[in-house]
Amino acid sequence: MHTDQVCSTWGNGHFQTFDGDVFQIQSTCNYVFTSLCRDSYQDFNIQIRRQNEDGRLVISSIVLKLDGPVVEVTLPLCQSGVCIEKTPTYIRVKAKLGLMALWNMDDSFMVELDEKYRNQTCGLCGDFNGRLIHDEFISHGVQMSPSDFADLWKIDGPTEICSESKQNPSWNCSAMRPMCERILSSSAFSSCHGLLDVDSFTSACVSDLCHCGNDFNRNINSPCICSTVSELSRQCVHAGGRPTNWRTRTLCWKSCPDSMQYSECGSPVPDTCSNPEASQTADDHCIDGCFCPPGTVLDDLTGKGCVPQSECSCVYNNQTYGPGESYHRKCKTCVCEAGRWRCLQRNCPGTCSVEGGAHITTFDGKAYTFHGDCSYTLAEVKYNQFVIQGELSQCGLTITETCLKSVTVALSGGIVSKHTHTHTHTHTHTHTLLPKVFAHFT
Ligand SMILES: [Ca+2]
């Protein structure tokens, strides 16, 4: 269960505190959404403001100060313990200190806090002490209205004096209730009813519908009703419930691009051609959004939408190769199969060389110069399968004039062959079945 750690705001100024109180503030002022109450050191401080767009309150600014400097970001970004990512439906901020914030880039914003912050938070999200109403709406025996409570956490800009616009309470909204109940209590949400206080969401739905007016047919697909139903769905999923796909063509329908389908619960990290098992590594709750149908992954390389993994392309050296296409490199051939390179290593011997008595090139191609005066191991395979030694010594007037005087090849089984410029000696100490090996050099 995570409901007691989540604070959220959605739709037309609805809020739910960490402790579960639901209230509405229809205001365009700037508020502390949640912060630590301690003033000496603030791990986090999140502020939020809405603005009025055609009679609808939409989130216009969210400011997160998280344990460090404020940074401008390009997504995705991970820096100093803070990760900011964008999925098709959400912008998500995760902070190591124990905070996750999720914004749907529209009306809904949610913060999940670690248990360790219990009874230490300030702001519209309440004190997180695990008790409803106390001490948010009843403090020291005094009752507070939501707008009194919100006033405590209002933070005006430097030149601003913001006052909350009071709601018009005279409207009779009860006529809207049956419609909200019909949707929110429907069987699609049956797994949510034991997890969330559906009545609070019904009241929020009634309030929004009332605010929007009487035209039900116009409202059925509008934010008037959908923002609260969507929020219930989101919070239900977060709390461990599994709402069935409740959206229909006539109720809060969401269309998706590229043959994707809308789902209330999909992986926050989608499987793609470049990472077809990404969702298996996601440790987070599922989220709602557009997802590729089962059996397909998102083609993030050529932009063909959702494709079976077998139709995925591959990338090598910034070039894209279609399924079945291949590239050849020294000693290997790779074929693109289902988004992955399948490589065949060809039998391709490695070469090490000593040239000019001092210029050595390793099996892996590293060249260096060394003027020796001794016998050196040029190559050796452990457990005495073979040892090749080279004798380097001065052969000119200066110490930088060195020559490879001789090479000795010793094989397991006792074959030792020594090669000099003019002679080759081979001694066989025991009989062996090893193939004879020739060392050649210039
Ligand atoms: Ca409380």
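Buried means under 20% relative accessible area, exposed means over 50%, and partly exposed covers what lies in between, with a 1.4 Å probe and protein chains only. The structure described here is a predicted model, in which local features need pLDDT of at least 70 and side-chain atom pairs count only at pLDDT 80 or more, while totals for chains, interfaces and linings use all residues. Side-chain values rest on heavy atoms, with hydrogens and water left out, and residues are numbered from 1 along each chain as its sequence is written.

Helix α5 makes a convenient starting point. Helices (H or I, at least four residues) and strands (E, at least two) are taken as DSSP runs and numbered from the N terminus. Helix α5 spans residues 223-238, and its 16 residues reach 21 Å from the first C-alpha to the last, close to the 22 Å expected at 1.5 Å a residue; the expected span is 1.5 Å times one less than the number of residues. The helix is mostly covered, with 15 of its 16 residues buried. After α5 comes G240, whose phi is positive, near 105°.

A link to E231 is found at S8, a residue of strand β1 (residues 6-10). S8 counts as buried because its relative accessibility is 0%. The side chains of S8 and E231 are joined by a polar contact of 2.8 Å, a term for a pair of N or O atoms within 3.5 Å in which, within protein, one must be able to donate a hydrogen and the other to accept it, and residues adjacent in sequence count only if both atoms are side-chain atoms. Leaving aside residues up to four places away in sequence, S8 touches H14, F15, Q16, F33, F109, M110, E231 and Q235, where contact means heavy atoms within 4.5 Å.

The calcium ion is next. Its coordination comes from D19 (OD), D127 (OD), N129 (OD1), R131 (O), H134 (O), E136 (OE) and E136 (OE), at 2.2 to 2.7 Å. Donors are N, O and S atoms within 2.8 Å of the metal (3.2 Å for Na, K and Ca), and sites may look incomplete because water is not among the atoms. Along the sequence, the donor residues follow the spacing D-x107-D-x1-N-x1-R-x2-H-x1-E. D19, in the loop between β2 (14-16) and β3 (22-24), and E136, in the loop between β12 (121-122) and β13 (138-139), link distant parts of the chain, 117 residues apart. D19 is buried at a relative accessible area of 12%, and E136 is likewise buried, at 1%.

Salt bridges complete the picture. A salt bridge is a side-chain nitrogen of Lys or Arg within 4 Å of a carboxyl oxygen of Asp or Glu, and a search of the whole structure finds 10 of them. One of these joins E264 and R247 at 3.0 Å, N to O. E264 lies in strand β15 (residues 261-266) and R247 in the loop between α5 and β15, so the pair ties together parts 17 residues apart in sequence. E264 is buried, at 3% relative accessibility, as is R247, at 9%.

In another salt bridge, the closest N and O atoms of R340 and E277 are 3.4 Å apart. This pair links distant parts of the chain, with R340 in strand β23 (residues 340-345) and E277 in the loop between β15 and β16 (287-291), 63 residues apart. R340 is partly exposed at 42%, and E277 is partly exposed at 36%. Finally, E231, R234 and D288 are joined into one network by salt bridges that share partners.
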